[in-house]
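Trainee: Could you take me through the buried nonpolar part of this one, and then through whatever sits around it? I'd like the cut-offs along the way.

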Amino acid sequence: MILKIAGSILILFAGGMIGIKSGLNLKRRLWELKRLERIVIMLKGEIKYNNSTLPEALLHVGNKTVYPFDEMLVRAGKQLNEYEGRPFYEQWTEVVESYRDEFVLTKEQFEHLKGMGESLGYLDMEMQMNSLELSHIQIKNYISGMEGTMANNIKLYNCLGIMGGILVVLIIV
């Protein structure tokens, strides 16, 4: 009997922790999107006002941000400086894909991050600025959509975690 009670408590605890972890992932996703928005703004400034080339801009911004964005941007900037004869988009996609497990972005948001390289690598400065502005608007839309529902979703995840634990306990016992 004591083992059933102890097991039930552990299952309820695990269910609650799953709900809390899901809520924390949601908060982290919002943080990552806000950081990505800041990176896009910094890239626009580097390209427009400092007249930096794309590799220089990626390196400068990468040195001013936090993990995993810092390593990803610096690596992309270095690869672009070395120019292996491959288009920037291929190099960018390869670098971003190598950091996939470091992000909690949704599939759509991650595809947007990968797609940013598609329009950056071969355009003139004005077109790069327009491309970055378009990315900035899309990221702002992701952020505003999340901020509107985040508090309710966190509560929902917490409740679902506990309710799932209760359901498992009822099925087992």
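Mentor: Let's fix one term before we look: a nonpolar core is a set of buried Ala, Val, Leu, Ile, Met, Phe, Trp, Tyr and Cys residues joined through side-chain atoms within 4.5 Å, where buried means under 20% relative accessible area, exposed over 50% and partly exposed in between (1.4 Å probe, protein chains only). Keep in mind that this is a predicted model, where local features need pLDDT of at least 70 and side-chain atom pairs count only at pLDDT 80 or more, while totals for chains, interfaces and linings use all residues. Residues are numbered from 1 along each chain as its sequence is written, and side-chain values use heavy atoms, with hydrogens and water left out.

The largest nonpolar core holds 37 residues, and those touching the most other members are L58, M72, W92, F103 and L113. Two or more residues come from each of α1, α2, α3, α4, α5 and α6 (helices are DSSP runs of H or I, at least four residues, numbered from the N terminus). The biggest contributor is α1, with 9 residues. In soluble globular proteins, nonpolar side chains tend to be buried together.

Take L58 as a way in. Leaving out residues up to four places away in sequence, L58 is in contact (heavy atoms within 4.5 Å) with L43, L73, V74, A76, G77, F88 and W92.

F103 leads us to the rings. Searching the whole structure turns up 3 aromatic pairs (ring centres of Phe, Tyr or Trp, its six-membered ring, within 6.5 Å; planes under 30 degrees apart are stacked, over 60 edge-to-face, the rest tilted). In one of them, the centres of the F69 and F103 rings are 5.1 Å apart and the planes make 55 degrees, so that pair is tilted. It joins distant parts of the chain: F69 sits in helix α3 and F103 in the loop between α4 (88-98) and α5 (107-115), 34 residues apart. F69 is buried at 0% relative accessible area, and F103 also counts as buried, at 5%. F103 pairs with F110 as well, with centres 6.2 Å apart and planes at 50 degrees, so this pair is tilted too. F110 is buried at 2% relative accessibility. Put together, the ring pairs make a cluster of F69, F103 and F110.

There's a charge on this cluster, too: R100 lies over the face of F110, 4.3 Å from the ring centre (the rule wants NZ of Lys or CZ of Arg within 6 Å of the centre and within 35 degrees of the ring normal). Then look at the residue before F69: P68 is placed in the loop between α2 (54-62) and α3 (69-82), and a cis peptide bond, omega about 0 degrees, joins Y67 to P68.

Now for the charged pairs. Side chains of opposite charge can pair when their charged atoms come close. The count here is 6 salt bridges (a side-chain nitrogen of Lys or Arg within 4 Å of a carboxyl oxygen of Asp or Glu). One of them joins E147 and K34, at 3.1 Å from N to O. That pair ties helix α6 (residues 125-172), where E147 sits, to helix α1 (residues 2-48), where K34 sits, across 113 residues. Both ends are partly exposed: E147 at 43% and K34 at 38%.

K114 is the one to zoom in on. Its side chain meets E97 at 2.7 Å, N to O, which links helix α5 with helix α4, 17 residues apart. K114 also bridges to E111, the closest N and O atoms being 3.4 Å apart; those two both lie in helix α5, 3 residues apart, about one turn. So E97, E111 and K114 form a network of salt bridges. Within that network K114 is buried at 11%, whereas E97 is partly exposed at 36% and E111 is partly exposed at 39%.

One last acid: E46, in helix α1, counts as buried at 6% relative accessibility. Beyond residues up to four places away in sequence, E46 touches N51, S52, A57, H60, V61 and K64.
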